[in-house]
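Trainee: Please take a close look at one part of this structure for me, and follow its contacts from there into the rest of the chain.

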Amino acid sequence: MPTYYLRMEGVNLDSVLSDTNQISVIRGASLLLREATHRIEEKFAFTKFAFTKISSGASIGLFQFEALDQDAAEPIRQQVADYLSQDEQLRYFTFVVDIQAESGDFVQDKEALIARNRFRQLQQPTFAFP
């Protein structure tokens with residue numbers, strides 16, 4: 001079965017992190033963003049598509065999973081995006097989630113995912129509508 005990469009990132013964070021001068025609020029929001037990758041890992045770890053975390057940091061998570069083809073991989077991307085937008089705490093953030101088929105060149109695949117994330121970010125509102 002082909003391997004796909006999924007990259008999620010919290011974007012447009014200024015409206016969440018910079019709208020206050022209270023350090024506890026800023027710190028709590030940034031810790032919650034970091035927690036998002038752990039929540040994704042836990043939620044999708046034991047699913048039928050062998051979802052595994054490659055790396056995470058700050059508001060970014062990179063995962064690997066297997067799917068029959070692009071048509072089967074897209075609903076997985078959508079499930080992750082839906083989870084992030086519907087979670088009781090994470091829904092106040094704006095996330096981008098994209099997938100890339102493994103080509104054998106990890107660096108190129110990772111750069112393609114970043115480009116897809118940036119393109120999706122430009123198509124979204126700058127803040128989340130709860």
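Mentor: A helix here is a DSSP run of H or I with at least four residues, and helices are numbered from the N terminus. The model is a predicted one.

The part to look at is helix H4, and the place to start is Asn117, which lies in H4. Is Asn117 buried or exposed? The relative accessible area of Asn117 is 0%. Buried means under 20% relative accessible area, so Asn117 counts as buried. What does Asn117 touch, once residues up to four places away in sequence are set aside? The list is Arg7, Glu9, Val96, Val97 and Asp98. Strand E1 covers residues 3-11, and strand E4 covers residues 94-101. Put together, Asn117 of H4 touches Arg7 and Glu9, whose numbers fall in E1, and Val96, Val97 and Asp98, whose numbers fall in E4.

Two of those partners turn up again among the charged side chains. Arg7 and Glu9 are linked with Arg118 in a network of salt bridges.

The other residue of H4 to look at is Phe106, as H4 covers residues 106-123. Phe106 has a relative accessible area of 34%, so Phe106 is partly exposed. Together with Ile54 and Val107, Phe106 forms a nonpolar patch on the surface. The accessible area of these three residues together is about 250 Å².

From Arg7 and Glu9 the trail leads to strand E3, where Ile60 is found. Which residues are in contact with Ile60, leaving aside its neighbours within four places in sequence? They are Arg7, Met8, Glu9, Thr37 and Ser55. Ile60 counts as partly exposed, at 28% relative accessibility. There is a link back to the numbering of H4 as well: the C-alpha atoms of Ile60 and Leu113 are 12 Å apart, while the two residues stand 53 places apart along the chain. In the loop between strand E2 (52-57) and E3 sits Ala58. Phi of Ala58 is near 50 degrees, which is a positive value in a residue other than glycine. Ala58 has 58% relative accessibility and so counts as exposed.

Met8, one of the contacts of Ile60, leads inward. Met8 is also in contact with Ile40, as are Phe51, Phe63, Val80, Tyr83 and Leu84, again leaving aside neighbours within four places in sequence. Ile40 belongs to the largest nonpolar core, which has 26 residues. Ile40, Phe51, Phe65 and Leu84 are the residues with the most contacts inside this core. Where does the core come from? At least two residues each are supplied by strand E1, helix H1 (14-17), helix H2 (23-44), strand E3 (60-66), helix H3 (70-86) and strand E4. The element that gives the most is H2, with six residues.

H2 and the end of H3 bring up the charged pairs again. A search of the whole structure finds seven salt bridges. One of them joins the side chains of Asp87 and Arg39, with 2.8 Å from N to O. Asp87 is in the loop between H3 and E4 and Arg39 is in H2, so this pair ties together parts 48 residues apart in sequence. Both partners count as buried: Asp87 at 13% relative accessibility, and Arg39 at 17%.

A second pair, Arg77 and Glu74, also meets in a salt bridge at 2.8 Å from N to O. Here both residues lie in H3, three residues apart, which is about one turn of the helix. Arg77 counts as buried at 6% relative accessibility, whereas Glu74 counts as partly exposed at 32%. A third pair is Glu88 and Arg91, with the closest N and O atoms 3.4 Å apart. Glu88 is exposed, with a relative accessible area of 55%, and Arg91 is partly exposed at 27%.

H3 also holds Gln78, which is partly exposed, with a relative accessible area of 33%. The side chain of Gln78 makes a polar contact of 2.8 Å with the side chain of Asp82. The C-alpha atoms of Gln78 and Ile99 are 9.9 Å apart, and 21 residues separate the two along the chain. The number of Ile99 falls in E4, and that returns us to the strand whose numbers include Val96, Val97 and Asp98, the contacts of Asn117.

Note on methods:
Residues are numbered from 1 along each chain as its sequence is written. This is a predicted model: local features need pLDDT of at least 70, side-chain atom pairs count only at pLDDT 80 or more; totals for chains, interfaces and linings use all residues. Side-chain values use heavy atoms; hydrogens and water are left out. A nonpolar core is a set of buried Ala, Val, Leu, Ile, Met, Phe, Trp, Tyr and Cys residues joined through side-chain atoms within 4.5 Å. Buried means under 20% relative accessible area, exposed over 50%, partly exposed in between (1.4 Å probe, protein chains only). Contact means heavy atoms within 4.5 Å. Patches are made of residues with over 30% relative accessible area and no salt bridge: like charges are joined within 9 Å, nonpolar side chains (Val, Leu, Ile, Met, Phe, Trp, Tyr) within 5 Å. Accessible areas come from the Shrake-Rupley method with a 1.4 Å probe; for residues, only the protein chains shown count as cover. A salt bridge is a side-chain nitrogen of Lys or Arg within 4 Å of a carboxyl oxygen of Asp or Glu. A polar contact is a pair of N or O atoms within 3.5 Å; within protein, one must be able to donate a hydrogen and the other to accept it, and residues adjacent in sequence count only if both atoms are side-chain atoms.
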